[in-house]
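Colleague: Thanks for sitting down with me over this one. Could you walk me through what you see, one question at a time?

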Amino acid sequence: MSEPPQTQAPATPTPANPTPANPVPATPVPPNKVPATQTIDWEERFREGTTRWERPALHPAFVDWQENGALAPCRILVPGAGRSTEPMALAEAGFNVTVVDASPTAIATQRARLERVHMTARVELADLFAWRPPTPFDAVYDQACLCALPPKLWPDYAARLGSWLRPGGHLFILFMQTGKPDGPPFHCDVAAMRKLFDATHWDWPDTLSAIVPHPSGVGAEQPAVLRRR
Ligand SMILES: C[S@@+](CC[C@H](N)C(=O)[O-])C[C@H]1O[C@@H](n2cnc3c(N)ncnc32)[C@H](O)[C@@H]1O
């Protein structure tokens, strides 16, 4: 009588003991590790539904900018768009929209929403610190992205914002005001923002419009339109 075939558990590959069938992964990524370019596990937050930053309607400053013509159809990037509805509003208004976010759930939501209304837009799953557009944009709309990033990466992010815009292009941004040292959202002190987006690289308006309270009650946002020199 022949022995039944034996099933053998594959040897666990280790750097000291790789097997041809199970090579050691080149860069093992521990599960649930949040990359250094993110402050929290945003994907988990979307999956859990703990997304207090999400607005029930379009941002009032965004609506004002559209109504007063500051935000007119052009090639626009929405970094860290999450599941916000501004990208679809832009696409519907005739903008050529690119959305970038590191959360698969947020990206899937943006894609599905745009497809439902037969709108075309580039929707990319990527880390903003490892992403480059093929050509610079006319405008960038940053809603709760800067304040969500690790503050030590803000100089890098500000430089990237500049590189994503053509000279003369505009950054439409909402500087979160919380008055608190921790985050996210992190407090974007306006004096500090003037240094971050300095006059060598950016033109600031003479006056800033009124700050807009955030519906979550967490803070308020200072709208600003900066022109890339
Ligand atoms: C506070 S949420 C804001 C989402 C959206 N803009 C809104 O107003 O609802 C921050 C967003 O930035 C994304 N994000 C954070 N760090 C990122 C990174 N390094 N690269 C790409 N996206 C990032 C998160 O996935 C999340 O969707």
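Colleague: Happy to start in the middle: which residues of H5 are buried?

Modeller: Keep in mind that this is a predicted model. H5 covers residues 154-164 and comes after the loop that follows S4. Its buried residues are Tyr157, Leu161 and Trp164.

Colleague: How wide an arc do they cover around the axis of H5?

Modeller: An α-helix has 3.6 residues a turn, so residues three or four places apart point the same way. In H5, Tyr157, Leu161 and Trp164 are buried. They lie on the same side of H5 because the arc they cover is only 70°.

Colleague: And what covers the buried residues of H5?

Modeller: The face turned away from the buried side carries exposed residues, namely Pro155, Ala159 and Ser163. On the buried residues, the cover includes strand S1 (75-79), S4 and S5.

Colleague: Let's move to Leu171 in S5. Is Leu171 buried or exposed?

Modeller: Leu171 sits in strand S5, residues 165-177. A residue needs 20 or more other C-beta atoms within 10 Å to be called buried. Leu171 has 23 such neighbours inside 10 Å, so it counts as buried.

Colleague: Which residues does Leu171 touch, leaving out those up to four places away in sequence?

Modeller: One of them is Leu161, a residue on the buried list of H5. Leu171 also lies 8.8 Å from Asp138, C-alpha to C-alpha, although 33 residues separate the two in sequence. The full set touched by Leu171 is Val140, Asp142, Leu161, Leu165, Leu226 and Arg228.

Colleague: Now H4, please. What does H4 span from its first C-alpha to its last?

Modeller: H4 runs over residues 104-116, which gives it 13 residues. At 1.5 Å a residue, the expected reach is 18 Å, and the model comes close to that. The span of H4 in the model is 18 Å.

Colleague: Why do the buried residues of H4 lie on the same side?

Modeller: The residues in question are Ala106, Ile107 and Gln110. They share one side of H4 because their arc around the axis is only 100°.

Colleague: Which exposed residues are carried by the opposite face of H4, and what covers the buried ones?

Modeller: Turned away from the buried side are Pro104, Ala112, Glu115 and Arg116, which are exposed. The cover over the buried residues includes helix H1 (42-48), helix H3 (86-92), strand S2 (96-101) and strand S3 (122-125).

Colleague: Just after H4 there is a residue with a positive phi. Which residue is it, and is it buried or exposed?

Modeller: Most residues other than glycine have a negative phi, and most peptide bonds are trans. His118, in the loop between H4 and S3, has a positive phi near 55° without being a glycine. With 6 C-beta neighbours inside 10 Å, against a limit of 12 or fewer, His118 counts as exposed.

Colleague: What is the phi of Ala144, and is Ala144 buried or exposed?

Modeller: Ala144 is found in the loop between strand S4 (137-142) and H5. Its phi is positive, about 60°, although Ala144 is not a glycine. Because 21 other C-beta atoms lie within 10 Å, Ala144 is buried.

Colleague: Where are the cis peptide bonds around Pro184?

Modeller: Pro184 belongs to the loop between S5 and helix H6 (190-196), and Pro185 lies in that loop too. Omega is about 0° for the bond between Gly183 and Pro184, and about 0° for the one between Pro184 and Pro185. The cis bonds are therefore Gly183 to Pro184 and Pro184 to Pro185.

Colleague: Which residues come nearest to the ligand?

Modeller: There are 21 residues around the ligand. They divide into 11 nonpolar, 7 polar and 3 charged. Those that come nearest are Trp42, Gly80, Gly82, Ala102 and Ala148.

Colleague: Last one: over which residues does pLDDT stay under 50?

Modeller: The mean pLDDT of the protein is 90, with 86% of residues at 70 or more. The part under 50 has 14 contacts in the model beyond four places in sequence. That part is residues 1-21.

Technical notes: Residues numbered from 1 in each chain as written. Predicted model: local features only at pLDDT ≥ 70, side-chain atom pairs only at ≥ 80, totals over all residues. pLDDT = per-residue confidence, 0-100. Contact = placed C-beta atoms within 7 Å. Near = placed C-beta within 6 Å. Nonpolar A, V, L, I, M, F, W, Y, C, P; charged D, E, K, R; others polar. Helix = DSSP H or I, 4+ residues; strand = E, 2+ residues; numbered from the N terminus. Expected span 1.5 Å × (residues − 1). Arc of directions from axis to C-beta.
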